[in-house]
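Open your viewer, switch on a cartoon view and keep the selection box handy. We will walk from one selection to the next, with a short stop at each.

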Amino acid sequence: MLPLAFLGVFFAWPVLAIVGLGLGEGGVLPALVDPATWGLVGFTLGQAAGATAVALLTGLPVAFLLARCRVRGNGVVRAAVMVPFVLPTVVVGLAFRALWPDGGVLPIVLANAFFNVAVVARTVGGLWARIDRRAEDAARSLGASRFRAFTAVTLPALAPAIGSAASVVFLFCATSFGVVLVLGGARYRTVETEIYLRTVELFDLSGAAALSLVQFAAVVAVLLIGGVARRRREKALVLREESARRPSGGEWGVVAAAWLVVALLLAPVVGLVLRSLSTTDGWSLAGYRALAGTGERGTLAVTGWDAALQSVRTATDATLVALVVGIGSAVVLVGLRRHRSWFAETLDTALMLPLGVSAVTLGFGYLITMDALPGDFRTSPLLVPLAQALVVTPLVVRIVLPVLRAVDERLRQAAATLGAPPWRVWREVDLPLASRSLVAAAGFGFVVALGEFGATGFLARPDTPTLPVVIARLMSRPGQLNSQMAYAACALLMVVTTVAVLLVERLRVPSSGEF
């Protein structure tokens, strides 16, 4: 009941309320038949498809390096590709804006692909490490070239993982908000940014509801496709574990391509740091020193450091909520899979839905529904952490669930036979085996919550903003000092994210989870 109650109160209720409000105004049908609506849908799907293709092409060499090769620096590669995935969207948007000041379609596609190389590398690499090499070696011994052996033997075996990764990447790219907002401006809008525009600026609830319905239908379709691919991949995990070995021959070319991808991933990060130190008068730390103030002409209601502390407090609360709900959900899914597999799959898909529903729709839904809870929950300091927890919970489930499913059921049965109640079986069997993944999920969830911008930008009050909200406000105001503060805040968020990812990598269970 815990995950169902959490999803029902803090996800289904607000989303259905805002959609119902829009439907009640009778403007949904005109919006659905408007050619401009389908133009937005076409651009959204097109840029998402392009970014997915780029992420797949760049992620596959990295997956090969991490799964098959034993070379020095693999730990650096693993951390380097993970950092972009957990960076705040505003930070990534500004990083690419430093390289492309005018924005455009190309930087939008590249920025979304930049986010998701890690999804491809981790998801595909996890299966690639378990594919039996002997089939490929047999093909080579029969005269097949290395490329022929890959396309005829390895690539079909990787198809479930590639399909699963592609569906997740497409979902993330299609619902991207901060990147499109920063790089697209008024010229290029996706369904997500259009929902924000119609809800916040035009107050066109019927149009926003129509777009939300279209987006929700697309999200469900993508999740169903990803669920099928994920189940096929889990069945493939019974294959033998293959040890990495030193590359030979043409494999060094793939290794070089993987390192080139890593270098390209670091380029926007380095550009962002340099931009935070660059002023019209030369190199300076003025932006970092200015974080102790409120910006040029009092742009902010609080100082940059106050916003940073608020971000830490909010992310901590969100992580705690996500861990309670996510771990409980993972335990439920493990138990249900043995008895009611169809219900387990339905619940698993439902837990992923918050990743694909407009954060603006969710935030506005909170404002029109949470007053019905005791004490008018709209003014509660827990509102923003709960919205962030909705985003973090699916990631916690995806990290912890494979580890719990891998626990030998005979261990639980032996403990129960010896008289241990269910809670003690969990404490004595599951918890010790899953402890490293739980800590990794906590660290991962914290950095994701720290950079959440979509719902937070809509719900955060002016006197309690988080750092991503402050960055967006600074960039929307004129003045060199405001710009320097924004880039300095981005650099600080990036450093915190990098440190957290390095710690998670040391605690992560090898080949566990999708991220």
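A word on naming before we start: a helix here is a DSSP run of H or I with at least four residues, and helices are numbered from the N terminus. With that in hand, select Val117, which lies in helix 6. Keep in mind that this is a predicted model.

**Stop 1: Val117 and its helix**

Is Val117 buried or exposed? Its relative accessible area is 2%, so Val117 is buried. Now add Val169 to the selection: it is 52 residues away from Val117 along the chain, yet the two C-alpha atoms are separated by 8.6 Å.

Widen the selection to residues 105-128, the whole of helix 6. Its 24 residues cover 33 Å from first C-alpha to last, close to the 34 Å expected at 1.5 Å a residue. Look along helix 6 for Phe115, where there is a bend of about 40°. Then switch on a surface for the surroundings: 21 of the 24 residues of helix 6 are buried, so the rest of the structure largely encloses this helix.

**Stop 2: a helix crossing**

Keep helix 6 in view and select residues 146-174, which make up helix 8. How do the two axes meet? They come within 9 Å of each other and cross at roughly 140°. That angle makes helix 6 oblique to helix 8. As for handedness, helix 6 passes helix 8 in a right-handed crossing.

**Stop 3: the cysteines**

Next, select Cys173 and Cys490 and show their side chains. How many disulfides does the structure hold? The count is zero. Cys173 is in no disulfide, and the nearest cysteine sulfur, that of Cys490, is 20 Å away. Seen from the other end, the sulfur of Cys490 has its closest cysteine sulfur in Cys173, and 20 Å is too far for a bond. A disulfide would need the two sulfur atoms within 2.5 Å. Cys173 counts as buried, at 0% relative accessibility. Cys490 also counts as buried, at 0% relative accessibility.

**Stop 4: Ala49**

Move to Ala49, in helix 3, which spans residues 35-68. Ala49 counts as partly exposed because its relative accessibility is 38%. Draw a distance from its C-alpha to that of Ala113: the separation is 10.0 Å, for residues 64 apart along the chain.

**Stop 5: helix 17**

Select residues 383-406 for helix 17, which has 24 residues. Its end-to-end C-alpha distance is 35 Å, close to the 34 Å expected at 1.5 Å a residue. Where is the kink in helix 17? Centre the view on Val391: a kink of about 35° lies there, shortly before the proline Pro394. Helix 17 is mostly covered, with 20 of its 24 residues buried.

Now pick out Ala406, which lies in helix 17. Ala406 is exposed, with a relative accessible area of 62%. For a long view, add Leu272: Ala406 and Leu272 are 134 residues apart in sequence, and their C-alpha atoms are 41 Å apart in space.

**Stop 6: helix 19**

Finish with residues 422-450, helix 19. What separates its end C-alpha atoms? The distance is only 34 Å for 29 residues, short of the 42 Å that a straight helix would reach at 1.5 Å a residue. Zoom in on Ser435, the centre of a kink of about 60° in helix 19.

How values were computed:
Residues numbered from 1 in each chain as written. Predicted model: local features only at pLDDT ≥ 70, side-chain atom pairs only at ≥ 80, totals over all residues. Heavy atoms only, no water. Helix = DSSP H or I, 4+ residues; strand = E, 2+ residues; numbered from the N terminus. Expected span 1.5 Å × (residues − 1). Bend = angle between axes of the 7 residues up to and from the residue. Buried < 20%, exposed > 50% of the residue type's maximum accessible area, 1.4 Å probe, protein only. Axes fitted to C-alpha atoms, helices over the stretch in contact; angles between N-to-C directions. Parallel < 35°, antiparallel > 145°, perpendicular 65-115°, else oblique. Left-handed = near helix turned anticlockwise from the far one by under 90°.
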